[in-house]
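I opened this entry to record how the strands and helices are arranged against one another. I looked up the sheet before turning to the helix pair.

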Amino acid sequence: MSVLCLIANPADPALDSALVTAVQKETGGEVNWLTQRIACEIIAPKSTDPLATARLHIKDRAIDAALVPSENRRKKLLIADMDSTMIEQECIDELADALGIKDEVADITSRAMNGELDFEQALDTRVALLKGLERAVIEEIRRERITLAPGGRALVHTMKAYGAYTALISGGFTFFADYIAKRIGFDEATANVLEFADDKLTGTVTKPIVDKTTKLARLNALAAEHGLSQVDTLAVGDGANDLDMIRASGLGVALHAKPVVAEQAHVRIDHGDLTALLYLQGYSDEDFVR
């Protein structure tokens with residue numbers, strides 16, 4: 001049995017009863033509102049392609065539609081990307097901005113996240129360009145320029161309250177990931193290590209790097225450590241290096257993702273914030289731990 005989820009961004013609560021009624025009239029199933037004007041689910045739709053029906057009615061409105069299995073819906077493991085997923089920036093691009101080379105580095109970042117470049121080579125190239133950047137400047141960027149993505153704390157704290165283990169894993173840097181993981185409430189963080197000499201970047205990272213293979217391996221290892229099957233896991237990210245873990249998880253979500261990722265993920269969220277991942281699992285607003 002499946003569940004059709006209709007989800008809007010809490011900052012733009014565009015989901016109305018008229019749209020839900022129109023969709024349910026064609027799909028069948030039972031309507032259950034999770035949060036008025038933001039999220040509802042249609043349980044056990046009867047039509048052959050309820051997702052296509054929903055999207056036909058949604059048209060260009062800022063509402064996401066997803067079809068998820070009703071069994072094992074609440075996941076026991078969350079593994080999440082950091083840059084442009086749990087935070088709103090790409091940290092390496094912000095570091096480059098301090099040196100006046102943001103456009104050059106951001107172009108490489110974008111191509112790597114689209115899967116156009118080898119991730120390790122792209123990382124080495126970008127980090128080399130940052131050689132000489134002072135630790136104090138990096139600390140200032142971390143403190144003043146990095147912002148948490150909306151809904152992230154609610155996602156992590158709610159899943160933890162209901163027994164899930166949460167892991168942040170990033171192709172970025174521990175300098176940011178360890179800090180962000182603590183701010184949001186993750187149980188652990190994994191990322192690449194920037195190398196310093198005399199409190200300045202050497203232009204290198206410790207090898208081996210954290211890449212798509214590492215992310216997938218960590219998903220599998222955490223599932224095994226906690227006695228979980230893959231169906232009990234949830235992975236979220238936006239870039240090509242997230243795709244393997246997204247596809248391997250029980251619920252893989254492409255959040256505001258690059259096209260190559262959105263096309264292959266189980267679920268794509270183009271409009272909602274991170275609380276959409278809670279609605280996908282059947283949590284209502286009153287269940288949220290904020």
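Sheet. In this predicted model I looked up the strand order and found an open sheet of four strands, arranged 2-3-1-4 with antiparallel pairing. The edges are formed by strand 2 (30-35) and strand 4 (63-69), each of which pairs on one side only. From one strand to the next, I noted a twist that averages 20°.

Strands 2 and 3. I then followed strand 2 against strand 3 (residues 39-43) and found antiparallel pairing over five bridges, with threonine 35 standing opposite alanine 39 in strand 3.

Helices on the sheet. Helix 1 (residues 17-27) packs on the sheet, where I found it touching strand 1 (2-8), strand 2, strand 3 and strand 4, and its direction makes about 15° with that of strand 3. Helix 2 (residues 50-58), which I looked up next, lies across strand 1 and strand 4 and runs at about 170° to strand 4.

Helix pair. For helix 4 (residues 102-113) and helix 5 (residues 119-129), I noted that the axes come within 10 Å and cross at roughly 165°. Angles over 145 degrees count as roughly antiparallel, and I therefore entered helix 4 and helix 5 as roughly antiparallel to each other. The crossing in which helix 4 passes helix 5 is left-handed.

Contact residues. On the helix 4 side I listed Glu104, Val105, Ile108, Thr109, Ala112 and Met113, which meet Phe119, Ala122, Thr125, Arg126 and Leu129 in helix 5. Sorted by class, this contact has seven nonpolar, two polar and two charged residues.

Notes. Residues numbered from 1 in each chain as written. Predicted model: local features only at pLDDT ≥ 70, side-chain atom pairs only at ≥ 80, totals over all residues. Heavy atoms only, no water. Axes fitted to C-alpha atoms, helices over the stretch in contact; angles between N-to-C directions. Helix = DSSP H or I, 4+ residues; strand = E, 2+ residues; numbered from the N terminus. Parallel < 35°, antiparallel > 145°, perpendicular 65-115°, else oblique. Left-handed = near helix turned anticlockwise from the far one by under 90°. Contact = heavy atoms within 4.5 Å. Nonpolar A, V, L, I, M, F, W, Y, C, P; charged D, E, K, R; others polar. Pairing = 2+ DSSP bridges.
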